[in-house]
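Please walk through this model with me. We start with one side-chain pair, then move outward to helices, the interface and single residues.

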Number of protein chains: 2
Amino acid sequence: MIETLNQLLDTAKNNQRITVAVAGGDDEAALGAIVDAGKMGIANGLLFGDSSTMEKRLQELNVVDTSYIKIKHESDLNTAIKRAVESVRLGNAQILLKGKVKTSQLLRGVLDAEFGLRTGHLLSDVFLFEYPARASGNKLVMITDGGVTLCPDLNQKLDIIQNAVQVAHALGNDLPKVALLSAVETVVPNLPSTHDAAIITKMNERGQIKGCVIDGPLALDNAVSPEAARIKGIDSEVAGQAEILVCPTIEAANMLAKGTTYFANLRLCHVIMGAAAPVLIPSRADTADAKLLSIALGKLIYQKVVV
Amino acid sequence: MIETLNQLLDTAKNNQRITVAVAGGDDEAALGAIVDAGKMGIANGLLFGDSSTMEKRLQELNVVDTSYIKIKHESDLNTAIKRAVESVRLGNAQILLKGKVKTSQLLRGVLDAEFGLRTGHLLSDVFLFEYPARASGNKLVMITDGGVTLCPDLNQKLDIIQNAVQVAHALGNDLPKVALLSAVETVVPNLPSTHDAAIITKMNERGQIKGCVIDGPLALDNAVSPEAARIKGIDSEVAGQAEILVCPTIEAANMLAKGTTYFANLRLCHVIMGAAAPVLIPSRADTADAKLLSIALGKLIYQKVVV
């Protein structure tokens, strides 16, 4: 089982290279990540976009060895997206990386019925960070969904959970502990997020959701802190030990995830799950480390889940 | 201007003692905070509840000098709440602290038309933490409302902002920077939190909300990180510099606030604003430090805002 982000990176380095298709390759951040992954033997890049701009950017990055990069010229952005997505669908690349295109455009391409990577499942962002849990050493914890669905309903939450559980399985965690977060750990009649949490917990108990242990509603403190869970007297396999934090809204997930970066300086990576292949949507403000780790995570998911 | 939590504590120590009324005084956590505040010369305690249990607990805490504690025997919990609230209303105490009573019961007492501390404004929780901003030293930042209103509407958000701005003013920050948080920094047609943010920003521009500078929607990264704001090209007085983070739902605020504690180990305190006096609702999982700082914050607010 992979328990730290360094282990994730080492695993990615030690396995055979995969190919990352980049939609809109003339993007400094995406190219930087491809160059890093290429140098480390993690991945090759297959770049779709304006070839002269891409070549210029590679020169600016002082890339000498370009043996791990293939450039496919596409002057039109929508065609670049289409061809990048298609290259993954046809197996010429294994994961898709957003370059200089809008996230909404890229996801439309991913969901295209003709050339896309649709599976019928909801797409969702899985944010993975390394949290120095006080008692038990570092621990990988996920937050979802801070990137795709604004206010998921019950059915959408089931897909969001399934997507994160797949990431946990790829990391070798066969029975991840899933906390359905709210502001409180009790069911409150006029707080809908606590109702969904109770319902989904029951579905897990009845065997309707497999491959994980679920409990909720939980507040963040009693989800991740064994002491807070003990003080509140919550008797649960998940409380204090949660590995997947499912938030009720995109705002809550997005803020909680960014809080681990901006207030706690924790390392992170993230991946969009639910398509036929991992999709990476790095933010411009993500560090180079986060982008490289995201490629490593996408590679692991491809090898463990998709194949 | 008070810029760190240590300065807050020093200020509270150097000013004349106030009296804290405790509803349900036989609570270990509340008593511990009163004893700490008493020893440091910050406050006296006026405890309402079962006298024999309270005396026993004080013995357990090895309190020798009880000169700063007054006990008022009330065997009935609702009467204890009523009398504690009333003592603040009558000026015998200046702030109200929750002891061994339910938060909902206490707030019902605070809002009681006959003996309560109603002002006509919404009650809201203001969470204050100290954030080691990279460039400019430590900084006090607030998160609101993670404690009272489940999903505030536009009018309720105005009260929530006003309550937090009062705390900033008490700290000597005359023009706090307020960020209206969402998952993104753009107005998204089907994401209502971004609409409210745009509307409230305009109200501030037009002078309808005074005493602060407001901008939104902002995502957490571009609200608190100057670099993230720069990368996203957001030209705003608030972006990257926010001092008050207003969240769209109770879940988002609660998780973001608890994340600063459980993921970043940052010091904190919090206070319920909007009543005629500061109301303190410490969580059982709060540290002794957080409880003491909350009393110090309540004292400052009483002295700067209420008087």
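Which residue's side chain meets that of Glu205(B) in a salt bridge? The partner is Lys202(B), with N and O 3.0 Å apart. Keep in mind that this is a predicted model.

Both residues of this pair sit in helix α7 of chain B, which covers residues 192–205. They are 3 residues apart, or about one turn of the helix. An α-helix has 3.6 residues a turn, so residues three or four places apart point the same way. Now look at the surface. Glu205(B) has a relative accessibility of 53%, so it counts as exposed. Lys202(B) is at 38% and therefore counts as partly exposed.

Over all chains, the rule gives 14 salt bridges. One of them pairs Asp196(A) with Lys157(A), and the closest N and O atoms lie 2.8 Å apart. This pair links distant parts of the chain. Asp196(A) belongs to helix α7 of chain A, residues 192–205, while Lys157(A) belongs to helix α6, residues 154–170. The separation along the chain is 39 residues. Are the two residues buried or exposed? Both Asp196(A) and Lys157(A) are buried.

Another salt bridge joins the side chains of Glu185(A) and Lys232(A), at 3.3 Å from N to O. Here the partners lie in loops. Glu185(A) is in the loop between β7 (177–181) and α7 of chain A, and Lys232(A) is in the loop between α9 and β9 (244–246), so the bridge ties together parts that are 47 residues apart in sequence. Glu185(A) has 23% relative accessibility and so counts as partly exposed.

Next, the interface. The size of an interface is often given as the accessible area lost when the parts come together. Chain A and chain B bury about 3500 Å² between them. Carbon and sulfur atoms account for 71% of that area. In chain A, the residues that lose the most area to chain B are Met255(A), Tyr262(A) and Phe263(A). Together these three make up 25% of what that side buries. The contact draws 39 residues from chain A and 39 residues from chain B.

What about polar links across the interface? The rule finds 2 salt bridges between chain A and chain B. One pairs the side chains of Asp221(B) and Lys258(A), at 3.4 Å from N to O. The count of residue pairs in polar contact between the two chains is 8, with both residues at pLDDT 80 or more.

Which elements give two or more residues to the side of chain A that touches chain B? They are β5 (124–133), α8 (220–224), α9 (226–231) and α10 (250–262). The largest share comes from α10(A), with 11 residues. By class, this side of chain A has 23 nonpolar, 10 polar and 6 charged residues.

Now turn to helix α1 of chain A, residues 5–14. Its buried residues are Leu5(A), Leu8(A), Leu9(A) and Ala12(A). Viewed down the axis of α1(A), these buried residues fall within an arc of 95°, so they line one face of the helix.

Three single residues round off the tour. Ser87(B) lies in helix α4 of chain B, residues 77–89. The relative accessible area of Ser87(B) is 5%; the cut-off for buried is under 20%, so this serine is buried. Leaving aside neighbours within four places in sequence, Ser87(B) contacts Ala21(B), Leu46(B), Phe48(B), Asn92(B) and Ala93(B).

Met203(A) is in helix α7 of chain A. Met203(A) is also buried, with a relative accessible area of 17%. Not counting residues up to four places away in sequence, Met203(A) touches Leu158(A), Gln208(A) and Ile209(A). Gly233(A) is 30 residues from Met203(A) in sequence, and their C-alpha atoms are 23 Å apart.

Asn138(B) is in strand β6 of chain B, residues 137–144. With a relative accessible area of 38%, Asn138(B) is partly exposed. Beyond residues up to four places away in sequence, Asn138(B) touches Glu3(B), Thr4(B), Glu130(B), Tyr131(B), Pro132(B) and Ala133(B). Asn138(B) also leads back to the opening pair: the C-alpha atoms of Asn138(B) and Lys202(B) are separated by 30 Å, with their positions 64 residues apart along the chain.

Technical notes. Residues are numbered from 1 along each chain as its sequence is written. Chains are lettered from A and ligands numbered from 1 in the order in which they are written. This is a predicted model: local features need pLDDT of at least 70, side-chain atom pairs count only at pLDDT 80 or more; totals for chains, interfaces and linings use all residues. Side-chain values use heavy atoms; hydrogens and water are left out. Helices (H or I, at least four residues) and strands (E, at least two) are DSSP runs, numbered from the N terminus. Buried means under 20% relative accessible area, exposed over 50%, partly exposed in between (1.4 Å probe, protein chains only). Contact means heavy atoms within 4.5 Å. The arc is that of the directions from the helix axis to the C-beta atoms. Buried area is the accessible area (1.4 Å probe) that two parts lose on being put together, summed over both. A salt bridge is a side-chain nitrogen of Lys or Arg within 4 Å of a carboxyl oxygen of Asp or Glu. A polar contact is a pair of N or O atoms within 3.5 Å; within protein, one must be able to donate a hydrogen and the other to accept it, and residues adjacent in sequence count only if both atoms are side-chain atoms. Ala, Val, Leu, Ile, Met, Phe, Trp, Tyr, Cys and Pro count as nonpolar, Asp, Glu, Lys and Arg as charged, and the others, Gly among them, as polar.
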